[in-house]
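Reader: I should like to learn how such features as strand pairing, cysteine contacts and internal cavities are read from a model. Please take them in turn.

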Amino acid sequence: MKMIAIGDNVVDCYLDQQLYYPGGNAVNVAVHCKRNGFEECAYIGIFGNDKKADHIRRTLELEQVTYELSRQVFARSGAPGVQLVEGNRVFVAGPKDTAQHIVRLRLMPHDLEYIATFDVCHTSCYSNIEGELGSISKHCDISFDFSTNYSTEYLQAVCPHIRYAFFSGAELPEERLDLLIETCHSLGTAIVGITLGERGALFSRNGERYVQAVKPTTVVDTMGAGDSFIAGFLTSFIKHGHMEQALDYAADRAAVTCTFYGAYGYPHPFETEEAW
């Protein structure tokens with residue numbers, strides 16, 4: 001099995017610890033898929049040219065996630081601030097002039113040829129890649145994390161191109177969950193998953209519903225739990241094709257991620273010249 005992730009990379013700056021951790025939805029999913037057993041995992045994104053970007057690349061190398069087709073620009077890395085409140089991460093606005101803000105990734109023919117060698121491509125609403133989804137979908141199944149982007153216009157732009165849709169929906173009422181799932185299916189998305197916080201997760205495969213409870217765990221930090229849930233689901237489902245098994249495994253992986261700081265570890269102290 002092979003997967004590729006396209007999009008954002010950041011460092012999450014834990015203000016109370018004065019430490020930053022590598023992250024970003026695309027990076028997190030790629031790393032966790034590799035840890036879960038994908039034979040090959042790759043990442044394409046836009047790196048800044050600072051020490052934070054160096055740290056992200058170093059951790060990808062340690063996790064055996066290749067990034068050979070990524071770009072680098074003269075800009076600083078995305079660095080959202082994070083405060084922990086009883087283990088739950090709360091984001092604090094970071095700089096707005098980062099590599100992620102000022103440059104949009106454009107895929108070239110050789111990128112698409114490379115993407116075609118993978119079983120699934122994961123990306124998200126944070127990746128500014130919506131305009132490329134049509135091209136990617138001709139070469140590879142797409143997994144897309146919408147986070148809390150529920151607007152009809154956005155769904156209409158994205159869903160026709162993707163196979164897997166993931167949402168964060170802890171605040172949504174039941175009737176809104178049903179409408180969201182039905183809308184995605186009507187637009188061509190086969191599998192729709194909504195994580196519901198303490199209520200677990202609700203998934204639908206072509207209209208057949210599945211419910212997954214959360215797994216008991218010792219919560220240290222919830223950063224990256226949703227991304228590891230996605231990675232766990234993709235790993236198991238692509239390998240076995242069973243929804244219940246994939247959801248159970250996804251819940252296990254998310255529970256493990258809650259037991260350590262950062263989306264996948266690797267703390268680094270703030271640099272004086274690069275303080276958040």
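Reader: Which residue is the bridge partner of Tyr20 in S15?

Author: Strand pairing is read from individual bridges, each of which matches one residue with a partner. In this predicted model, the partner of Tyr20 in S15 is His268. Strand S15 covers residues 268-269, and two bridges join S15 to S3 in the antiparallel sense.

Reader: Which strand is joined to S3 by five bridges?

Author: That strand is S2, residues 10-14, and the two run antiparallel. Within this pairing, Tyr14 has Leu19 of S3 as its bridge partner. S2 and S3 form a hairpin with four residues between the strands. Gln18 in this hairpin adopts a positive phi near 55°.

Reader: How many residues of S3 are buried?

Author: Burial is read residue by residue and then considered along the element. Strand S3, residues 19-23, is mostly covered, with four of its five residues buried.

Reader: Let us turn to the cysteines. How many disulfides does a search of the whole structure find?

Author: The general approach is to examine the separation of cysteine sulfur atoms. The search of the whole structure yields zero disulfides. Cys33, for instance, takes part in no disulfide, and its nearest cysteine sulfur, that of Cys41, lies 5.3 Å away.

Reader: Why is the sulfur of Cys41 not bonded to that of Cys33?

Author: A disulfide requires the two sulfur atoms to be within 2.5 Å. The sulfur of Cys41 is 5.3 Å from its closest counterpart, in Cys33, and is therefore too far for a bond.

Reader: Is Cys33 buried or exposed, and is Cys41 buried or exposed?

Author: Buried means under 20% relative accessible area. Cys33 has a relative accessible area of 0%, so Cys33 is buried. Cys41 is at 1% relative accessibility and therefore also counts as buried.

Reader: How many cavities of 30 Å³ or more does a search of the whole structure find?

Author: Rolling a probe the size of a water molecule over the atoms reveals where empty space remains. Here the search finds one cavity of 30 Å³ or more. The largest cavity has a volume of about 80 Å³.

Reader: Which elements give two or more residues to the lining of the largest cavity?

Author: They are strand S4 (40-47) and helix H3 (99-102). The lining residues include Gly45, Ile46, Ala99 and Gln100. Also among them are Asp8, Arg104, Ser127 and Asn128.

Reader: What is the make-up of the lining of the largest cavity by class?

Author: A lining may be summarised by residue class. In this case there are four nonpolar, five polar and two charged residues.

Definitions and conventions
Residues are numbered from 1 along each chain as its sequence is written. This is a predicted model: local features need pLDDT of at least 70, side-chain atom pairs count only at pLDDT 80 or more; totals for chains, interfaces and linings use all residues. Side-chain values use heavy atoms; hydrogens and water are left out. Buried means under 20% relative accessible area, exposed over 50%, partly exposed in between (1.4 Å probe, protein chains only). Two strands pair if DSSP finds at least two bridges between them. On a 1 Å grid over the protein atoms alone, a cavity is a set of points where a 1.4 Å probe fits but cannot get out, and a pocket is an open set with protein on both sides within 12 Å along at least five of seven lines; lining residues have an atom within 4 Å of a point. Grid points are joined across faces, edges and corners, and a volume is the space filled by probe spheres set on the points. Ala, Val, Leu, Ile, Met, Phe, Trp, Tyr, Cys and Pro count as nonpolar, Asp, Glu, Lys and Arg as charged, and the others, Gly among them, as polar.
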